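Thanks for making the time this morning. I would like to walk you through one model, beginning with a single residue and working outwards from there, so please keep the sequence and the structure in view while I talk.

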Amino acid sequence: MKFILRRIAAVIPVMAVVAVVVFLLIHLSPGDPAAVIAGDNATADDVEKIRQNLGLDKPLLQQFVIWVSHIAVGDLGTSIATQMPVSQLIAQRMGPTISIAIFTMLFAVLAAIPLGVLAAWNAGKWLDRLVMVGAVCAFSVPVFLIGYSLVYGFSIKLGWLPVQGYKPMADGIVPYLRHLVLPCLSLGLVYMALLTRMTRATMLEALSEDYIRTARAKGLSSGPVVWHALKNAANPIVTTIGVGVALLIGGVVVTETVFAIPGLGRLTIDAVLRHDYPVIQGVLLVASGIYVLINLLVDLSYRLFDPRIRY
């Protein structure tokens with residue numbers, strides 16, 4: 001319990017720094033934010049009204065205190081473009097993004113760990129080289145290029161999957177999954193490549209340990225040997241899974257744009273194009289909070305994978 005409380009306490013200053021950076025985003029943007037939002041044809045009165053609505057006419061410290069007090073009660077502000085609460089906009093767009101993130105992680109983890117273990121077990125052989133060449137290629141190709149290639153092959157040429165769009169689960173499980181296959185595959189290949197290389201590297205280190213050589217010398221079969229090595233190599237792999245969330249957060253923006261999916265990534269792009277600062281701030285704050293929370297859970301999970309760790 002003390003360890004958990006210490007880790008949670010360590011998250012507080014991180015989120016405080018994130019909040020300060022996100023708040024200053026509107027002030028660090030070039031020019032007058034109110035004038036940028038108002039547009040070229042706005043009058044001085046229009047700009048002043050926007051400045052008052054955003055609270056930009058108050059001292060900077062007072063603005064920050066007011067902003068934080070609103071966030072504390074779940075008020076992320078109001079969208080300038082749609083006049084809707086930012087929290088409501090994020091809630092509406094959260095479903096597609098969470099679906100893509102969950103299925104991408106499942107696909108990447110379930111494919112990458114067996115491939116990494118297989119490559120490590122056959123280190124130096126043709127199978128190892130084949131897996132590593134595929135991982136390097138997948139990690140090197142941009143997400144949008146993978147997405148367009150998959151659309152051209154599976155949607156335009158073969159006609160097996162929809163080109164773009166999103167269907168909620170309420171419309172049926174089959175349409176829901178069919179619209180997620182290509183986005184998750186295009187984003188998951190990059191994530192899978194990173195995780196495969198990390199799994200191979202940690203497994204090679206674990207397989208070279210004395211206890212593995214002893215187990216082999218005693219005639220233990222390959223399955224239990226690989227399982228024991230994988231358990232001892234789990235910590236770096238779990239860390240990579242947590243760090244990969246950053247790739248998902250960044251990749252979702254590109255993926256949702258390519259496949260026209262109405263998620264948080266698409267909402268961010270629209271907000272940037274419209275100079276909708278409250279929406280940009282809200283999305284960045286929520287995304288940062290999710291990333292910090294996942295890394296906290298990864299940190300707390302170390303004890304489960306390595307019983308030698310004592311807190």
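Let me begin with V190, which you will find in helix α8, the helix that covers residues 173-207. Please keep in mind throughout that what we are looking at is a predicted model. Is V190 buried or exposed? Its relative accessible area comes out at 11%, and because the cut-off for buried is under 20%, V190 counts as buried. As for what surrounds it, once the neighbours within four places in sequence are set aside, V190 is in contact with A138, F139, V141, V143 and I146. If you take the last of these, I146, you will see that it stands 44 residues away from V190 in sequence, while the C-alpha to C-alpha distance between the two is 9.3 Å.

From there I would like to turn to D128, which sits in helix α6, residues 126-140. D128 has a relative accessibility of 4%, so this aspartate, too, is counted as buried. Which residues is D128 in contact with, if we again leave aside those within four places in sequence? They are A119, N122, A123 and R200.

A third residue that deserves a look is A260, and here the interest lies in the backbone. A260 is placed in the loop between α11 and α12, and its phi is near 50°, which is a positive value in a residue that is not glycine. As background, most residues other than glycine have a negative phi. In terms of exposure, A260 is at 25% relative accessibility and is therefore classed as partly exposed, since that class lies between 20% and 50%.

Since somebody usually asks about cysteines, let me deal with them here. How many disulfides does a search of the whole structure find? The search finds zero. Two of the cysteines can be described by their exposure: C137 is partly exposed, at 45% relative accessibility, whereas C184 is buried, with a relative accessible area of 6%.

Now let me step back to the chain as a whole. The protein chain contains 13 helices and zero strands, so that, if you read from the N terminus on, every entry in the order of elements is an α. Of its 311 residues, 38% count as buried. When we consider contacts between residues at least 6 apart in sequence, 72% of them join residues that are at least 24 apart. The area that the chain exposes is about 16,900 Å², and 68% of that is supplied by carbon and sulfur atoms.

That brings me to the empty spaces, and I will take the pockets before the cavity. The largest pocket has a volume of about 570 Å³, and its lining is made up of 22 residues, with N53, L54, G55, G77 and P278 lying nearest its centre. Helices that each supply at least two lining residues are α1 (2-28), α3 (44-54), α4 (60-72) and α13 (277-305), and α4 gives the most, with four residues. By class, this lining divides into ten nonpolar, ten polar and two charged residues.

The second largest pocket holds about 490 Å³ of space. Here, too, 22 residues form the lining, and those lying nearest the centre are T97, I249, L264, A287 and I290. Two or more lining residues come from each of α5 (86-121), α11 (234-258), α12 (264-274) and α13, with α13 providing the largest share, seven residues. How does the lining of this second largest pocket divide into nonpolar, polar and charged residues? The division is 18 nonpolar, four polar and no charged.

Finally, there is the enclosed space. A search of the whole structure finds one cavity of 30 Å³ or more, and the volume of the largest cavity is about 30 Å³. The residues lining this cavity are P162, V163, Q164, G165, H179, P183 and F259, of which four are nonpolar, three are polar and none is charged.

To bring the threads together, we have a predicted model with 13 helices and zero strands, with V190 and D128 as buried residues to look at again, and with A260 as a residue of positive phi. I am happy to go back to any of these on the screen.

Key. Residues are numbered from 1 along each chain as its sequence is written. This is a predicted model: local features need pLDDT of at least 70, side-chain atom pairs count only at pLDDT 80 or more; totals for chains, interfaces and linings use all residues. Side-chain values use heavy atoms; hydrogens and water are left out. Buried means under 20% relative accessible area, exposed over 50%, partly exposed in between (1.4 Å probe, protein chains only). Contact means heavy atoms within 4.5 Å. Accessible areas come from the Shrake-Rupley method with a 1.4 Å probe; for residues, only the protein chains shown count as cover. On a 1 Å grid over the protein atoms alone, a cavity is a set of points where a 1.4 Å probe fits but cannot get out, and a pocket is an open set with protein on both sides within 12 Å along at least five of seven lines; lining residues have an atom within 4 Å of a point. Grid points are joined across faces, edges and corners, and a volume is the space filled by probe spheres set on the points. Ala, Val, Leu, Ile, Met, Phe, Trp, Tyr, Cys and Pro count as nonpolar, Asp, Glu, Lys and Arg as charged, and the others, Gly among them, as polar. A disulfide is a pair of cysteine sulfur atoms within 2.5 Å.
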